[in-house]
Amino acid sequence: MNPFGFTRSHTERNYALVAPESHVPAALPHWTDTSGIIVVSPGMGARFAQYFALMAAGGTAGPPLPGVQRFVFVEQGRLQLQLAEQSFILGPGGFAYVPADTTHAMTAGSECRLTIFEKHYRAATSEGPLPVIGCEQDVKAEPFMGDPDAMLKTLLPTTPEFDMAVNLFTFAPGAALPLVEVHVMEHGLLMLQGRGIYRLDRNWHPVQAGDVIWMAPYCPQWFTAVGKEPARYLYYKDVGRDPLEDLP
């Protein structure tokens, strides 16, 4: 119970922080034995969707809308992915990118907690992206801007056919982004581990594992890790497309 209505959740015109105490589960269309929590959507001004899928063992996923690509990250449990003639088992840290309009099936082999990013695909090349299946533990981390205390894993290829990126950042205690970023890319972020302070626009917010952040284009943003353990977060951004392309 929260008798005074306190929450760290906070929404502004150009960003939102959604803390776990504010989550409202509901059924996801066409999914079975699954409860969903939609934390980022066009309803808040975003151009993509980010949600949790909490699957009971044996639960199945529904398909994305036509023209929508999907990235799945397994937080907990075991997920079976059927893609064309191939079957994959994804455990914690496993991820899959499914291009738009690609038939696939996902079934929970045990209770699963998934983070999913979806967005409409914008083509820039004659050939679209291929599926990507992996495990974040197998992806090499690189120092961000030369800082060994801020290590970045790039989970998707950086080739022109992709119009989205999903990365995983790990900050040693006390490490920080080297600048306050202001850029055209939009972000959706999930804190996976640890604690920190996130500057969003003109405000500073304490954040911890389980928190979700949406950042609109050009929202000033900066992060520093606090506490005694590393801080890790998974984040999405749109990449590689002309900013005038969507204008009428």
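How many helices and how many strands does the protein have? It has zero helices and 21 strands. The model described here is predicted.

## Overall dimensions

The protein has 248 residues, and a compact globule with that number would have a radius of gyration near 18 Å. The protein has 18 Å, so the value agrees with that of a compact globule. Taken along the principal axes, the box filled by the C-alpha atoms is roughly 45 × 45 × 40 Å. Of the 248 residues, 46% count as buried.

## The eight-stranded sheet

One open sheet is made of eight strands, in the order β1-β2-β19-β16-β21-β15-β14-β13. The pairing in this sheet is antiparallel. The edges are formed by β1 (10-11) and β13 (142-144). Each of these two has a single partner strand, so one side of each is left without a neighbour in the sheet.

At the β1 edge, the partner is strand β2 (residues 15-18), and two bridges join the antiparallel pair. Within this pair, Thr11 has Ala16 in β2 as its bridge partner.

## The three-stranded sheet

A further open sheet has three strands in the order β18-β17-β20, again with antiparallel pairing. Here β18 (203-208) and β20 (221-226) stand at the edges; each has a single partner strand, so one side of each lacks a neighbour in the sheet. On average, and with direction ignored, neighbouring strands of this sheet are turned by 20 degrees against each other.

Strand β17 (residues 195-200) pairs with β18 over six bridges, in the antiparallel sense. One of the bridge partners can be named: Arg195 is matched with Gln208 in β18.

## Strand β9 and its partners

Strand β9 covers residues 94-98, and five of its five residues are buried. In a regular strand, side chains alternate between the two faces of the sheet. In β9, both faces are covered: Gly94, Ala96 and Val98 are buried on one side, and Phe95 and Tyr97 are buried on the other.

β9 pairs with strand β6 (residues 68-76) in the antiparallel sense, over four bridges. In this pairing, Arg70 has Val98 of β9 as its bridge partner. β9 is also joined to strand β12 (residues 132-135) by four bridges, and these two strands run antiparallel. Gly94 stands opposite Cys135 in β12.

## Two loop residues

Is Leu28 buried or exposed? Leu28 lies in the loop between β3 (26-27) and β4 (32-40). Its relative accessibility is 7%; because buried means under 20%, Leu28 counts as buried. The C-alpha atom of Leu28 is separated by 8.1 Å from that of Ala53, with the two residues 25 apart along the chain.

Tyr218 also lies in a loop, the one between β19 (212-215) and β20. Its relative accessibility is 52%, and Tyr218 therefore counts as exposed, the cut-off for exposed being over 50%.

## A nonpolar surface patch

Which residues form a nonpolar patch on the surface? Tyr218 does so with Val180, Val182 and Val184. Together, these residues have about 350 Å² of accessible area.

Conventions. Residues numbered from 1 in each chain as written. Predicted model: local features only at pLDDT ≥ 70, side-chain atom pairs only at ≥ 80, totals over all residues. Heavy atoms only, no water. Pairing = 2+ DSSP bridges. Axes fitted to C-alpha atoms, helices over the stretch in contact; angles between N-to-C directions. Patch = residues over 30% accessible without salt bridge, like charges linked within 9 Å, V, L, I, M, F, W, Y side chains within 5 Å. Areas by Shrake-Rupley, 256 points an atom, 1.4 Å probe, with all protein chains shown as cover. Salt bridge = Lys/Arg side-chain N within 4 Å of Asp/Glu carboxyl O. Buried < 20%, exposed > 50% of the residue type's maximum accessible area, 1.4 Å probe, protein only. Rg over C-alpha atoms; globule rule 2.2 N^0.38 Å.
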